[in-house]
Amino acid sequence: MIMNGIDMREMAATLEDSVEAIRAHMVRAVGEEDWEELQELDRQAKSLVERAFGADPVPLRDDSGAALRAALEDLARFYETSVQDLSQRRAEVAQQIRELKSGRKGTNAYETTRRHSMQAGPGHSVD
């Protein structure tokens, strides 16, 4: 798994380390509003979750799996809070776009009326 030129498998000694590293990068990407990086990190996080529940053995910090469970729970909490926050941001951006479109329609209507009134000349009304 390559992220920003770094192979996450080489960087992280255990699956828990990889999950924690991805979550930290996701937090940063959200803060920086780096949506493309966030999409890539999301794909990588899903891959890690699949590895955690896959049939192949993965290196863990402890035999009980408690550290992996904690790392996955932290990742799940990140998703819970981030999805809500990002949905709110998306709604705000959509509202701003609607307002811009509405303003553009008003400007276009004004310009059209102004052009017609200028073509009719002073003192003439446009019907």
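These legends walk through several close-up views of a predicted model. Local features here need pLDDT of at least 70 and side-chain atom pairs count only at pLDDT 80 or more, while totals for chains, interfaces and linings use all residues. Residues are numbered from 1 along each chain as its sequence is written, and side-chain values use heavy atoms, with hydrogens and water left out.

**View 1. Helix H2, from end to end.** Helices, like H2 here, are DSSP runs of H or I with at least four residues, numbered from the N terminus (strands are runs of E with at least two). H2 has 17 residues and reaches 24 Å from its first C-alpha to its last. That is close to the 24 Å expected at 1.5 Å a residue, where the expected span is 1.5 Å times one less than the number of residues. Look along H2 for its buried residues, including Leu 15, Glu 16, Ser 18 and Ala 21. "Buried" means under 20% relative accessible area, "exposed" means over 50%, and "partly exposed" is in between (1.4 Å probe, protein chains only). Once H2 is done, look for Glu 33, which follows the helix and has a positive phi, near 55°.

**View 2. The largest nonpolar core.** A nonpolar core is a set of buried Ala, Val, Leu, Ile, Met, Phe, Trp, Tyr and Cys residues joined through side-chain atoms within 4.5 Å. The largest one has 16 residues, and Val 19, Ile 22 and Met 26 have the most contacts inside it. H2, H3 and H4 each chip in at least two residues, with H2 giving the most, six. As a rule, in soluble globular proteins, nonpolar side chains tend to be buried together.

**View 3. The two sides of helix H3.** The 18 residues of H3 should span 26 Å at 1.5 Å a residue, and its end C-alpha atoms are 25 Å apart, which agrees. Buried in H3 are Glu 37, Leu 38, Leu 41, Gln 44, Ala 45, Leu 48 and Ala 52. Seen down the axis, these buried residues fall within an arc of 125°, so they line one face of the helix; the arc is that of the directions from the helix axis to the C-beta atoms. Turned away from that buried side is a face with the exposed residues Glu 36, Gln 39, Arg 43 and Glu 50.

**View 4. A salt bridge within H3.** A salt bridge puts a side-chain nitrogen of Lys or Arg within 4 Å of a carboxyl oxygen of Asp or Glu. The whole structure has ten of them. In this view, Glu 40 and Arg 43 pair up at 3.1 Å, N to O. Both sit in helix H3, three residues apart, about one turn of the helix. Glu 40 is partly exposed, at 29% relative accessible area.

**View 5. A salt bridge between distant parts of the chain.** Asp 17 pairs with Arg 61, their closest N and O atoms being 2.7 Å apart. Asp 17 belongs to helix H2, while Arg 61 is in the loop between helix H3 and helix H4, 44 residues apart. Asp 17 is partly exposed at 25%, and Arg 61 is partly exposed too, at 42%. Add Glu 20, and you have a network of salt bridges linking Asp 17, Glu 20 and Arg 61.

**View 6. Phe 78 beside Tyr 79.** Rings of Phe, Tyr and Trp (its six-membered ring) pair if their centres lie within 6.5 Å; planes under 30 degrees apart count as stacked, over 60 as edge-to-face and the rest as tilted. The count comes to one aromatic pair. Phe 78 and Tyr 79 meet edge-to-face, 5.8 Å centre to centre with 75° between the planes. Phe 78 is buried at 10% relative accessibility, whereas Tyr 79 is partly exposed at 24%.
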